Amino acid sequence: MHSIVLIKQVPQTSDVQMDKETGTMIRSGSTSILNPLDVYALETALQIKDRNGGRVTVITMGPASAVKVLKEAIAMGCDDVYHLNDRAFAGSDTWATSYVLAKAIEKIGIPDLVITGERATDGDTAQVGPAVASWLDLPVLTYVASIENLTSDSLIVERLIEEGYQRVQSPLPALLTVVKEIAEPRLPTLRGKKRAMATNIVTWSASDLDADQAFMGLRGSPTRVVKIATPKVSRQCRMVKVEDDDSLIEAVDQLFTFLEERDLLGGLNA
Amino acid sequence: MHEVWTISECHQGRVKDVSYELLARGRSLADTLKVRLGTVVIGSNINTDDVKQLAYQGADILYLADDPSLSSFVCGRYAALLLKLISEKKPQIIIAAATTSGRTLMPYVAVKAHAGLTADCTELAIEEGTENLLQTRPAIGGNIMATIKTPGHRPQMATVRPRSTKPLAAQHDRPFVVEEVPVAPRSEKSSVEVLGLRGLEGQSGSIEEADIVIAGGKGLKKRDNFVLIERLAKAFGAEVGASRDAVDRGWVSYPHQVGLSGKTISPRLYLAAGISGAIQHLAGIKTAKCIVAINNDEQANILGLADFAIIGDLFQVLPEIEKRLEQRRKA
Ligand SMILES: Cc1cc2nc3c(=O)[nH]c(=O)nc-3n(C[C@H](O)[C@H](O)[C@H](O)COP(=O)(O)OP(=O)(O)OC[C@H]3O[C@@H](n4cnc5c(N)ncnc54)[C@H](O)[C@@H]3O)c2cc1C
Ligand SMILES: Nc1ncnc2c1ncn2[C@@H]1O[C@H](COP(=O)(O)O)[C@@H](O)[C@H]1O
C-alpha cells in the first residue's frame, strides 16, 4: 500500500502578520509549524503502513523553510519526502496549488491513497484536497473519521458530516481528507530524528514537473486578494460577579434580562 | 444575461435550511446585476413543497436533478451533473454552503471549470463598475478578513458560511420556472457507494446547525460534572459543545468539539462554561451572534470575545440558570 500525504507549513496561529499591500502573509518573523491538522493525515498513513505494509511518501509545496516539516514527517516514520520549491509557485491560490501538487503526484506515480489534512490553519479553505482529487480524477472522501476494510482495491470509511457519520465505500486509488478523530498522532522517534538529519531532501522546481507554468503562482491563480482587514471587535462585555447567594440570583437575573433583550429565549416561554 | 446560482442541499428529500440562506445572498446579487437567480437542487425524491418554497424565498428558476442515484452526496456524481449544467447555462456566479458537502463539491468543480473559488465567505457584494463578485471571508482563525475577487474567470464561485444570513420572507406569488435536469445513468465502474448513516450520539442535530450551543470545558473538572452542561443544553433546547480539553479527556465525543481542530460554528447563542478561550477555541466561535461566558477567572481570555459574562463558580451558576429555565417553563 502506497500513500502520499500532502502537508503544509503554516504560521503559528498565535502570531500572524499580513502584508497590507499584497494581501499575502508575511512569513518571516512568525514561527512556522507543521499545519496541526496535517499530523492526523501523516498518522493515518503511518498506521496503514504499520498494518498493511508499504510506503509513505510526503510532499510539501512551500518556501525553503518548509524543509522543516518534511524532516518532522521523516522523524515520525515516513519514507520519502519531496519539496516543491520554486518562485514560480509563489502566490498560488488553491486552484494553482492543487495543480502543482497533482503534477508532483503524477510524477511520483499515482499511489493507492492520497491523504491530506482537513484544512490548513492559515488559508483555512479545506479546498486543496478535493481540488487535487479533481485534477487526478480520483474519488474524494472528505472529513474521514475512521477507515475500515482497507483492501488492495477498495476501502470503507466513515465521514463526519452534519447529520452524523456517513459510511462510504470507494474504490482505490482515492483521496481522503481526515479529521482529528481519525488517529492519535505518534511522537517522532530518536531513530526517526536521526534519519531526518541524514536524509537528503529531494527538491523539485517548476521545470522538474511536466506542468504548464501558466497554471502556477499568482499568474495562474484565478482569485486575487484585494483587501485585508482586521475585524473590529465590536463586542462589549457586560460583566457581573458572583460573590454570595444574593449576587448569584442577581447575576442570573441580569443574564436572563440580557437574553430576553436579544430575543434568545423566544422558544422557551411557556 | 448570465444567471446567479445557488446550490440547494437536500437531505433525505428535504431541502436543508441553509439553502434558503443562500437564496437570500443570491437574491441580492442577482438584483444588483439585474439577472435571474437560479438554484440547482440535487437529491432524490425531493419534496415538492420544498421546491416551491425555494421559489417563494427567492429563486426564479429551479434546476431540479432528482434521481435515486443522487440520494446521498457523492462528489464525483454531483460534480459531473453540475459541470454539465455549467457548460450549458454559463452562470456568472455560483454559491454553495460551506458545509461538508459544499466544501467538497465546489473545489472539485472549480478545478474542472477553471474557476476561482473562495471558501467560507461571510460577506458577498458586487463591485461597482466591474460587476465582479467581492467575496469576504475570515482567515487565519478569524484574525483577519480577506476580500477576494476573480476578475478573469467565470463562473465566480464561493462557499458561504452557514447561518451568516437570514432567509428572505416567503412571497407566495413569485413567478418561477422549474427545469428538470436529465441525470445520466451512473457508471458502474469506479463507483463510490454510500452505505449508511449513523446518527450522532446524544445529539438531536449537529452543533453547526444549532441555534443555541451550550459548551463546557476543563473547568467542569470531571466527566460526571459534564451532565451539568448536558442538562442545561436540554433545558435550552440546545446542542452540547466542548473545548478540546473536554473532548480529549473523553467527557464528550469529538463531533462536539468547537475550534480550530473541531467545528467552526455561528449559533445565535454560544454559552461557554469553564472554557478559558484559547485562541484555537475562539477560532471556532468568532461569528457566533452572542457569546456568554461563565468563568471564575476575571482574566480569562474568553471575556475578550464575550457579550455577557458571569464571573463566578460554574457549579453554582449553571444549576441556578437551569432552575430559572424550569421556572419559566412552568410559569
Ligand atoms: C493545534 C491546536 C489545535 C487546537 N484546537 C482546539 C480546538 O479545536 N478547540 C479547543 O477548544 N481547543 C483547541 N486547542 C487547545 C487550546 O489551546 C486549549 O488548550 C483548550 O481550548 C483549553 O480548553 P479549556 O478552556 O476547556 O481548558 P482551560 O484552558 O484549562 O480552561 C478552563 C477554564 O475553566 C475555568 N474554571 C475552572 N474552574 C471553574 C469553576 N469552578 N467555575 C467557573 N470556571 C472555572 C478556568 O478559569 C479556565 O478559564 C488546540 C490547541 C492546539 C495547539
Ligand atoms: N502548499 C501545500 N503543500 C502541500 N500540501 C498542501 C499545501 N496546501 C494545502 N495542502 C494540503 O491540503 C490541505 C487543505 O489545505 P487548505 O485547502 O489550504 O485548507 C492541507 O491540510 C494539506 O494537507
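**Notes on ligand 2 and the chain B domains**

1. A good place to start is A:Asp38, where a polar side-chain atom sits 2.4 Å from an oxygen atom of ligand 2. Please keep in mind that this is a predicted model, in which local features need pLDDT of at least 70, side-chain atom pairs count only at pLDDT 80 or more, and totals for chains, interfaces and linings use all residues. Residues are numbered from 1 along each chain as its sequence is written, chains are lettered from A and ligands numbered from 1 in the order written, and side-chain values use heavy atoms, without hydrogens and water.

2. The backbone joins in as well: an N or O atom of A:Gln127 lies 2.9 Å from an oxygen atom of ligand 2, and one of A:Gly117 lies 3.0 Å from an oxygen atom of ligand 2. Taken alone, ligand 2 exposes 480 Å² (Shrake-Rupley method, 1.4 Å probe), and the protein buries 98% of that.

3. Around ligand 2 there are 18 residues (a heavy atom within 4 Å), with A:Leu6, A:Ala120, A:Thr125 and A:Ala126 among the closest. By class, 8 are nonpolar, 7 polar and 3 charged. In chain A, β6 (55-61), α3 (94-108) and β8 (113-117) each supply at least two of the shell residues; β6(A) gives the most, with 3.

4. Turning to chain B, domain 1 spans 4-180 and domain 2 spans 212-330, with bounds from an automatic or database assignment. Their centres, taken over C-alpha atoms, are 32 Å apart. The contact (heavy atoms within 4.5 Å) takes 7 residues from domain 1 of chain B and 9 residues from domain 2 of chain B.

Definitions and conventions
A polar contact is a pair of N or O atoms within 3.5 Å; within protein, one must be able to donate a hydrogen and the other to accept it, and residues adjacent in sequence count only if both atoms are side-chain atoms. Helices (H or I, at least four residues) and strands (E, at least two) are DSSP runs, numbered from the N terminus. Ala, Val, Leu, Ile, Met, Phe, Trp, Tyr, Cys and Pro count as nonpolar, Asp, Glu, Lys and Arg as charged, and the others, Gly among them, as polar.
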